[in-house]
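This report walks through one protein model for a reader who has not met it before. Please keep the sequence and the three-dimensional view at hand while reading.

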Amino acid sequence: MRTVTVVGASLSGLYAARELRAQGFDGRLVVVGDEPHRPYDRPPLSKDFLTGRSGEDQLALSDAEETTELDAEWLLGVRARGLDVRGRTVLLGDGRTVSTDGVVIATGASARRLPGCELAGVHTLRTLDDARALRAELAAGTRRVVVIGGGFIGAETASSCAGLGHDVTVVEAAPLPLVPQLGPEMAAVCAGLHRRGGVDLVTGTGVAGLRGTVAVTGVELADGRLLPADIVIVGIGAIPNTDWLAGSTLALHDGVLCDDGCVTALPQVVAVGDVARVGGTRAEHWTSATEQPRVAVRNLLAGHTAETVRPLPYFWSDQYGARIQFAGRRLDTDTVRITEGGVTDDAPDEGGLLALYERDGRTTAVLSVDRPRPFMRARRELGRGVTVAEAAVS
């Protein structure tokens, strides 16, 4: 290959560029990004950056020295609008084209929106520009904040807003937040963090609409209640950025369909990160974005799937002064038991807890709230395919 184009100046896109050079590709490397910014770290956007504890300079994922070493052409602030597979060309939104022998798709995902999102005071939180706008509004004085969606982004944002002294309500359509990730028992325990943090949690009802003419004034719930709001933050998930691939021969279904090696039906095209549906699963986690590129690049340069990737799922979330960590693959039929710490007033003890998910006598997943050391031990054993009970005996 003489030219490889990475479409998406994201975390996974940067890791793909690094891997291309690390694995010996010395040809032309082009990185296309729809944002004007160089790759930056997104997790702090809902936490330290939003609260003002960190600045933009601390978000950067690379420095000038690495940029020079990568020797890439950075085409920033321009969207990819198409992929001509037969002509091996990436079409750009400004009319330019990039001829290429290989493509790494790393375009990530965009925040889902609600009708009424055009009102002033309504925000999503996915990009640096999103975070800038929300941080500026939160700094203008005490506000009534309604967060729609109790997932990780919603919970972290609610936590940050509460920490800044705002009056915060979280609305979750499901009976509890995070049930798909943690199961009902542990989701109920983690929901207690909202109450402990002074945030109202409204569950079991959806949003009927947003009130307001120029600026948002309230959130109307499906059960008829009206929540007054000066700021509304919509955190209801993300949609993989695949629109630009419509009309290509690539298979698209909630992401770019890939095999277990991140390879699409075309061996010269691989996909990584939030946009990639690898082996039937699309994982919007930092670890996926950093682990998939090594395998994807190896397979791209080999011209076929020479290696597969199936890392142990892992994610973390910082909210209300607590760190939640989860690793493993749980099923709804798994049992769960707390092996360290406990629960007080329907929330984790001040010292946190460690819970194991089990199936047929084997540990399948582990959840920690502020128990990092035992969690890391359990995670290592899960990765080795050894149950935590077996590890304790050996």
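The model holds 2 cavities of 30 Å³ or more, and because the model is a predicted one, a word on its confidence comes before the details.

**Confidence**

The chain averages a pLDDT of 94, and 98% of the residues score at least 70. Over residues 386-394, however, pLDDT stays under 50, and for this stretch the model has 11 contacts beyond four places in sequence. Where pLDDT is low, the predicted coordinates should not be read in detail.

**The two cavities**

Rolling a probe the size of a water molecule over the atoms shows where empty space is left. The largest cavity encloses about 60 Å³ of space, and its lining is made up of L83, D84, V85, R88, T89, T100, D101, G102, V103, Q268 and V269. Two or more of these lining residues come from each of the elements β4 and β7 (102-105). Sorted by class, the lining of the largest cavity has 4 nonpolar, 4 polar and 3 charged residues.

The second largest cavity has about 30 Å³ of space and is lined by G150, P177, L178, A187, C190, A191, H194 and Q319. Helix α7 (residues 184-196) gives the largest share of this lining, with 4 residues. The classes here are 5 nonpolar and 3 polar residues, with no charged residues.

**A sheet of three strands**

Strand β4, which gives residues to the lining of the largest cavity, also belongs to an open sheet of 3 strands, arranged in the order β4-β5-β6 with antiparallel pairing. Because β4 (80-84) and β6 (97-99) stand at the edges and each has a single partner strand, one side of each is left without a neighbour in the sheet. From one strand to the next, the twist averages 20 degrees.

Within this sheet, β4 and β5 are held in antiparallel pairing over 4 bridges, and A80 has L92 in β5 as its bridge partner. The hairpin of β4 and β5 has 4 residues between the strands, and in this hairpin R88 takes a positive phi near 50 degrees; R88 is also one of the residues that line the largest cavity. On the other side of the pairing order, strand β5 (residues 89-92) is joined to β6 by 3 bridges, again with an antiparallel run, and L91 has T97 in β6 as its bridge partner.

**A parallel sheet with helices packed on it**

A further open sheet has 5 strands in the order β9-β16-β10-β11-β12, and the pairing in this sheet is parallel. Its edge strands are β9 (122-123) and β12 (200-203), each of which pairs on one side only. Helix α4 (residues 128-138) packs on the sheet, where it touches β9, β10 (144-148) and β16 (231-234), and the direction of helix α4 makes about 150 degrees with that of β16. Helix α5 (residues 152-163) lies across β10, β11 and β16 and runs at about 165 degrees to β11. Strand β11 (residues 167-172) pairs with β12 in the parallel sense over 4 bridges, and V170 stands opposite L201 in β12.

**Hairpins elsewhere in the chain**

Three further strand pairs run antiparallel, and the table sets out their bridges.

| Strand | Partner strand | Bridges |
|---|---|---|
| β13 (residues 207-212) | β14 (residues 216-221) | 5 bridges |
| β23 (residues 335-344) | β24 (residues 347-359) | 8 bridges |
| β24 | β25 (residues 362-369) | 7 bridges |

Strands β13 and β14 form a hairpin with 3 residues between them, and here G212 stands opposite V216 in β14. Strands β23 and β24 form a hairpin with 2 residues between them, and D345 in the turn has a positive phi of about 50 degrees; in this pair, T335 stands opposite E358 in β24. Strand β24 then enters the hairpin of β24 and β25, which has 2 residues between the strands and in which D360 takes a positive phi near 55 degrees. Across this pair, Y357 stands opposite A365 in β25.

Conventions. Residues numbered from 1 in each chain as written. Predicted model: local features only at pLDDT ≥ 70, side-chain atom pairs only at ≥ 80, totals over all residues. Heavy atoms only, no water. Pairing = 2+ DSSP bridges. Axes fitted to C-alpha atoms, helices over the stretch in contact; angles between N-to-C directions. 1 Å grid on protein atoms, 1.4 Å probe; cavity = no way out; pocket = protein on both sides within 12 Å on 5 of 7 lines; lining within 4 Å. Points joined across faces, edges and corners; volume = space filled by probe spheres on them. Nonpolar A, V, L, I, M, F, W, Y, C, P; charged D, E, K, R; others polar. Contact = heavy atoms within 4.5 Å. pLDDT = per-residue confidence, 0-100.
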